[in-house]
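User: I would like to learn how to read the features of a protein model with a bound ligand. Could you take me through them in turn?

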Amino acid sequence: MPRADDFRAADDFRAAMASFASGVTIVTTLESDGSRLAMTATAFTAVSLEPPLCLVCVDRRARAHAPLLQHGSFGVSILAAEQEPVAAQCAAPIRDRLAGLRWRPGARTGCPLLSGALAVLECQLVEAHPAGDHDILLGQIESVQVREGNPLLYWRTRYGALRAVAAEPGQPTAERRVN
Ligand SMILES: Cc1cc2nc3c(=O)[nH]c(=O)nc-3n(C[C@H](O)[C@H](O)[C@H](O)COP(=O)(O)O)c2cc1C
């Protein structure tokens with residue numbers, strides 16, 4: 001039975017995590033009938049270089065959760081600064097979150113990869129660990145593509161962008177601010 005303290009702890013934890021600025025990804029997979037699923041996810045991180053592994057934490061209630069486990073692979077698109085509308089659409093309560101967006105199927109997995117993303121990865125699901133109300137999905141990287149650009153950020157429940165001031169040669173610092 002949860003106590004009042006536990007509820008406060010959850011609020012404090014949420015507030016603390018909201019202070020942690022992150023990039024924004026779109027995680028995609030395929031349903032058994034071939035239809036495509038996408039969800040915005042910030043709980044994404046690198047895990048290992050050899051072999052190359054990443055993880056994403058997925059709410060067990062999310063529509064994409066069961067298909068992610070069943071399909072056994074997923075795509076990750078790391079969004080560019082101008083892709084805030086993509087992030088909003090892929091978290092919205094709509095049936096086809098990829099409608100009207102530009103994407104291509106990944107050559108290794110068939111999972112959608114968003115055009116215009118800073119980096120796209122295809123992952124083979126190698127492990128799934130239950131963790132509270134989420135599952136930690138561990139993916140082995142099968143393909144990667146990277147391009148130049150600035151990242152979309154998420155901080156204190158808002159999207160933003162890095163404002164990098166390029167340092168002159170010989171100047172030590174670059175100012176970086178979140179809008
Ligand atoms: C900025 C942002 C980050 C999110 N990060 C995650 C995440 O890391 N893991 C997750 O399971 N859901 C995350 N969500 C929620 C999902 O994108 C999605 O909205 C939620 O799972 C409900 O989807 P459903 O209608 O498909 O069940 C995030 C939402 C937003 C707006």
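Analyst: The following turns treat the overall fold, the ligand site, selected side chains and the backbone. This is a predicted model, in which local features need pLDDT of at least 70 and side-chain atom pairs count only at pLDDT 80 or more, whereas totals for chains, interfaces and linings use all residues. Residues are numbered from 1 along each chain as its sequence is written, and side-chain values use heavy atoms, with hydrogens and water left out.

User: How many helices and strands does the secondary structure of the protein have?

Analyst: Helices (H or I, at least four residues) and strands (E, at least two) are DSSP runs, numbered from the N terminus. Here there are three helices and twelve strands. A contact means heavy atoms within 4.5 Å. Among contacts in the protein with a separation of 6 or more, 59% are between residues 24 or more positions apart.

User: What percentage of the residues count as buried?

Analyst: Buried means under 20% relative accessible area, exposed over 50%, and partly exposed in between (1.4 Å probe, protein chains only). Of the 179 residues, 35% count as buried.

User: Which residues are closest to the ligand?

Analyst: A residue is near a molecule if one of its heavy atoms lies within 4 Å of it. The ligand is surrounded by 16 residues, the closest being Thr-40, Ala-43, Cys-57, Asp-59 and Arg-63. Strands E3 (36-41) and E5 (53-59) each contribute at least two residues to this shell.

User: Which atoms of Thr-42, Asp-59 and Arg-97 lie at short distances from ligand atoms?

Analyst: A polar contact is a pair of N or O atoms within 3.5 Å; within protein, one must be able to donate a hydrogen and the other to accept it, and residues adjacent in sequence count only if both atoms are side-chain atoms. For Thr-42, a backbone N or O atom lies 3.1 Å from a ligand nitrogen. For Asp-59, a backbone N or O atom is 2.8 Å from a ligand oxygen. Arg-97 uses a side-chain N or O atom, 3.1 Å from an oxygen atom of the ligand.

User: Is Thr-28 buried or exposed, and what does its side chain contact?

Analyst: Thr-28 belongs to strand E2 and is buried because its relative accessibility is 0%. A polar atom of its side chain lies 2.7 Å from the backbone oxygen of Pro-112. Beyond residues up to four places away in sequence, Thr-28 touches several others, including Leu-37, Phe-74 and Cys-111.

User: Where does Asp-135 lie, and is Asp-135 buried or exposed?

Analyst: Asp-135 lies in strand E10 (residues 134-146), and counts as buried because its relative accessible area is 7%. Its side chain makes a polar contact of 2.8 Å with the side chain of His-65. Asp-135 also touches Val-56, Cys-57 and Val-58, among others.

User: How does Asp-33 read by the same approach?

Analyst: Asp-33 is in the loop between strand E2 (25-30) and E3. Asp-33 is exposed because its relative accessible area is 63%. Its side chain is joined to that of Ser-35 by a polar contact of 2.6 Å.

User: Which peptide bond is cis, and which residues other than glycine have positive phi?

Analyst: The bond from Glu-50 to Pro-51 is cis, with omega near 0°; Pro-51 is in the loop between strand E4 (44-48) and E5. Phi is near 50° for Arg-156 and near 65° for Thr-157. Arg-156 is in the loop between strands E11 (152-155) and E12 (158-161), as is Thr-157. At 46% relative accessibility Arg-156 is partly exposed, while Thr-157 is exposed at 61%.
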